[in-house]
Amino acid sequence: MRHPGWEQLGLSSDNIDPENLTFHVFWVFQSLMAFNLKKRDVLLSLLFNKTDLPFVTSNQPIINLNADYQKLEAMAEDLLFYYPISPHTAILLNDYTLPQKVRLTENQVEICNRAIIRASHEFVFANSKPFLTYYQDIFPDTAPKHPATK
């Protein structure tokens with residue numbers, strides 16, 4: 001991998017690991033996606049969770065609530081993106097029936113959490129271990145079990 005500007009900066013291509021660029025490329029891609037969503041007038045709703053049950057997330061943090069992640073060959077007709085950004089706040093994109101701010105019930109939080117866990121690839125994150133244990137029965141069969149949770 002060679003770039004003509006590297007020599008001018010005193011950098012050798014031997015010292016550049018493309019894997020280290022992944023993080024930066026991800027953020028550029030994410031920024032472009034956010035810009036395009038805003039440009040297309042996508043409706044964004046903030047979901048507020050005031051219940052005792054926190055939102056969980058995973059290594060697949062943005063999911064389409066209309067997709068079946070157990071049957072990946074089936075295409076979802078509509079996109080309804082769900083993205084938990086903290087234990088008490090999430091973002092929902094494309095639900096034109098909701099207002100911009102929504103306070104969820106515990107049952108609605110449960111539905112969102114179960115959806116994010118079913119879509120996870122390897123990891124599920126919560127703000128405390130009891131909540132991970134609470135959902136352990138629905139972890140995808142394909143998800144590797146960490147030795148500490150066996």
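## A tour from Tyr-134 inward

Start by selecting Tyr-134: with a relative accessibility of 45%, this residue falls in the partly exposed class. Before moving on, keep in mind that you're looking at a predicted model.

Now zoom out and colour by secondary structure. The protein chain has four helices and seven strands. Follow the chain from the N terminus and the elements come up as α-α-β-β-β-β-β-β-α-β-α. Switch on a surface and you'll see about 11000 Å² exposed, with carbon and sulfur atoms supplying 59% of that. Of the 150 residues, 27% count as buried. If you turn on contacts between residues at least 6 apart in sequence, 64% of them join residues at least 24 apart.

**Next stop: the sheet.** Select the five strands that make up an open sheet and read across in the order S3-S4-S5-S1-S6; the pairing is mixed. At the edges sit strand S3 (63-64) and strand S6 (101-104), each pairing on one side only. Strands in a sheet pair through backbone hydrogen bonds, in either a parallel or an antiparallel way. For an example, show S3 together with strand S4 (residues 81-86): this is an antiparallel pairing over two bridges. Look across from Ile-63 and you'll find Tyr-82 of S4 standing opposite. Keep Tyr-82 highlighted.

**Into the core.** Which residues have the most contacts inside the largest nonpolar core? Select Leu-47, Phe-55, Tyr-82 and Ile-117, and you have them, in a core of 21 residues. Strand S5 (89-93), S6 and helix H3 (106-119) are the elements that give two or more residues to this core. H3 makes the largest contribution, with six residues. As a rule, nonpolar side chains in soluble globular proteins tend to be buried together.

Centre on Leu-47 and show what touches it. Leaving aside residues up to four places away in sequence, the list includes Phe-55, Tyr-82, His-88, Leu-92, Val-102 and Leu-104.

**Aromatic pairs.** How many are there in the structure? Three. Show the rings of Phe-55 and Tyr-82: the centres are 6.1 Å apart and the planes meet at 65 degrees, so this pair is edge-to-face. Trace the backbone between the two and you'll see that distant parts of the chain are linked, since Phe-55 lies in the loop between strand S1 (44-49) and strand S2 (57-58), while Tyr-82 is in strand S4, 27 residues apart. Buried or exposed: which is Phe-55? Buried, at a relative accessible area of 3%. Tyr-82 is buried as well, at 0%.

Now go back to Tyr-134 and add Tyr-135: their ring centres are 4.8 Å apart and the planes are at 80 degrees, so this pair is edge-to-face too. Check the surface around the two. Tyr-134 is the partly exposed residue you began with, whereas Tyr-135 is buried, at 1% relative accessibility.

**Last stop: a charged pair on H3.** A search of the whole structure turns up one salt bridge. Select Glu-110 and Arg-114 to see it, with the closest N and O atoms 2.7 Å apart. Why are these two residues about one helical turn apart? Because they're four residues apart in helix H3. Glu-110 counts as buried because its relative accessibility is 12%, under the 20% limit. Arg-114, at a relative accessible area of 22%, is partly exposed.

How values were computed. Residues numbered from 1 in each chain as written. Predicted model: local features only at pLDDT ≥ 70, side-chain atom pairs only at ≥ 80, totals over all residues. Heavy atoms only, no water. Buried < 20%, exposed > 50% of the residue type's maximum accessible area, 1.4 Å probe, protein only. Contact = heavy atoms within 4.5 Å. Areas by Shrake-Rupley, 256 points an atom, 1.4 Å probe, with all protein chains shown as cover. Pairing = 2+ DSSP bridges. Core = buried A, V, L, I, M, F, W, Y, C linked by side-chain atoms within 4.5 Å. Salt bridge = Lys/Arg side-chain N within 4 Å of Asp/Glu carboxyl O. Phe/Tyr/Trp six-rings, centres within 6.5 Å; stacked < 30°, edge-to-face > 60°.
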